[in-house]
Amino acid sequence: MQEVMKVTDQRYRLGYHLMTKGGWMNDSNGFPWFKGYYHMFYQYYPYAAEWGPMHWGHARSKDLVHWETLPVALAPDEHEDGCFSGSAVVYDDKLWLIYTGHHLTNPEDSEEFYQDQNIAWSEDGIHFTKYEGNPVLRAPADNTKHFRNPKVWQEGDIFYMVLGSQGSDELGRALLYESNDLKKWQLVSVLDKAMNLKDEGYMWECPDFFHLDGQDVLLMSPRGLEPQGDCFHNLNQTCYLLGQQDEENYLVRQEFTEIDRGHDFYATQTMLAPDGRRIMTAWMNAWDSPMYEKEDGWAGALTIPRELRIEKGRLYQKPVSELSSMRLHRVLDGGLVPESSISLPAASEIKLLFKDCGDFSGRLLKIGDGGQELSISLDAEGSRILVERTTKDGLRAAKIMPYKDLDLHIFVDRSSAEIFVNRGEITFTERMYWQGKLELSLGEKAVREACIYALEKETNQY
Ligand code: FRU
């Protein structure tokens, strides 16, 4: 019997983000609503704080804030070398998981594999049985080995699946399938594909497709993009495309846009909540993140859930309103004079309004513990906002739409910061390995309105 990994040091443990109780986490997987609970599945390796043969970890929540970890939902069996990312759907009063079977063809070489799609079901939402007719979908002839990450949803009586794939031209693409019963799938179309390698990637991982505010939205995590100006500086990105699906089921779309501009955001998963909100979460790391928590027996976490909307042709993100229930007390309510400092609880929510800063260039603030620092600045000439952390390749920047006042909404946790700029027009997600007491220090610009809350520190129950 292999031993499950245990956390050996609490120093970087997050207060209110979903994490494993020990071991490795990457992508969020299914994120359904079933019998009164939000469920969250995720890529999980219980036996080391490193990526390994993938399982599906599982937690559930009534309020998107407090998560109860449940037993592992899927583990690889003798036919599989991993249960890779996928999604979940409710059908026939059961909860169905749709996942990628990962199969090594040469155990000596992790690059030699094939992938297929599989299903498992549960009546209680806790114990899952793999379907005996698996796999339910194999790669078409014009596909390479990259064939993974099914996102399934239902429209009327039909199930649709968007799937990450690489065509024989070695470019990324999203395939669209349909089914009446989750067991037999027909290809509908190549929903969209990369126009070239350097701008759009060789593989589109974790696609998602939905209708929002009058647009069709395709999310995906393309691999292989080259940096352009301030964009695409991580090893892999997560992007969105807005457009309209045409009669041939092809997406007529606008340009690739990064969803989040920080270092630690990858592989999104969205869900349609019972009240109609489109809620997104993502892995709060990236494949090239240092993940110092590995030394302590765990790795990886998910972002806070974010509600999506489209405004002025862009995808906006807003922390879900449920998160306000984590507020314990106010640390500050009022303004802040330039160059002032205030000490911050390690789990805190910060809302700041800077007035008349259309012409301002310079630092707005920094958050640090005397060692590690995260600073936020404006560059008026370039209409840019800059977020910099004290690490190698620490700077990330983004253009912002013309503005006069600037608002920042920041969620700080023991080893992370999520920054929402101008009502969520731009976000930056960062892992920050703070250890000491945190302080927020202002630059040369006053804050007209500030509200800082101390937040709950133990929202996970294992
Ligand atoms: C994305 C990804 C997926 C794959 C999973 C494996 O981060 O590479 O494409 O299914 O992780 O853990």
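1. Start with the polar contacts across the domain boundary: in this predicted model, 27 residue pairs are in polar contact between domain 1 and domain 2, both partners being at pLDDT 80 or more. On the domain 1 side, strands S5 (67-74), S22 (306-311) and S23 (314-319) each bring at least two residues to the face that touches domain 2. S23 gives the largest share of that face, with six residues. Sorted by class, the domain 1 face has twelve nonpolar, ten polar and twelve charged residues.

2. Next, the charges. Six salt bridges are counted between domain 1 and domain 2. If you'd like a salt bridge to look at in the viewer, try Asp-264 and Arg-389, whose side chains pair up at 2.9 Å, N to O.

3. Where are the two domains, by the way? Domain 1 covers 23-319, and domain 2 covers 327-461. Their C-alpha centres sit 30 Å apart.

4. Now for how much they touch. Contact involves 34 residues from domain 1 and 31 from domain 2. Putting the two together buries about 2800 Å², and carbon and sulfur atoms account for 46% of that area. Which residues of domain 1 lose the most area to domain 2? They are Asp-230, Arg-261 and His-263, and together they make up 23% of what the domain 1 side buries.

5. A word on the annotations. The UniProt record, an unreviewed entry, lists residues 17-319 as "Glycosyl hydrolase family 32 N-terminal". In the model that span is 53% strand and 1% helix, and its end C-alpha atoms lie 13 Å apart. The same kind of look at the other listed domain follows in the next point.

6. UniProt, again in an unreviewed entry, gives residues 349-433 as "Glycosyl hydrolase family 32 C-terminal". Here the chain is 60% strand and 0% helix. From one end of this stretch to the other, the C-alpha atoms are 18 Å apart.

7. Two backbone details deserve a look while you have the model open. The peptide bond running from Asn-134 to Pro-135 is cis, with omega near 0°. Pro-135 belongs to the loop that links strand S9 (129-130) and strand S10 (143-155).

8. The other backbone detail is Phe-232. What is its phi? The value is positive, about 60°, although Phe-232 is not a glycine. You'll find Phe-232 in the loop between strand S15 (215-223) and strand S16 (239-245).

Definitions and conventions
Residues numbered from 1 in each chain as written. Predicted model: local features only at pLDDT ≥ 70, side-chain atom pairs only at ≥ 80, totals over all residues. Heavy atoms only, no water. UniProt positions renumbered as here; feature names shortened; annotations may be inferred. Helix = DSSP H or I, 4+ residues; strand = E, 2+ residues; numbered from the N terminus. Domains from an automatic or database assignment. Contact = heavy atoms within 4.5 Å. Buried area = accessible area lost by both parts, 1.4 Å probe. Salt bridge = Lys/Arg side-chain N within 4 Å of Asp/Glu carboxyl O. Polar contact = N/O pair within 3.5 Å; in protein donor to acceptor, adjacent residues only side chain to side chain. Nonpolar A, V, L, I, M, F, W, Y, C, P; charged D, E, K, R; others polar.
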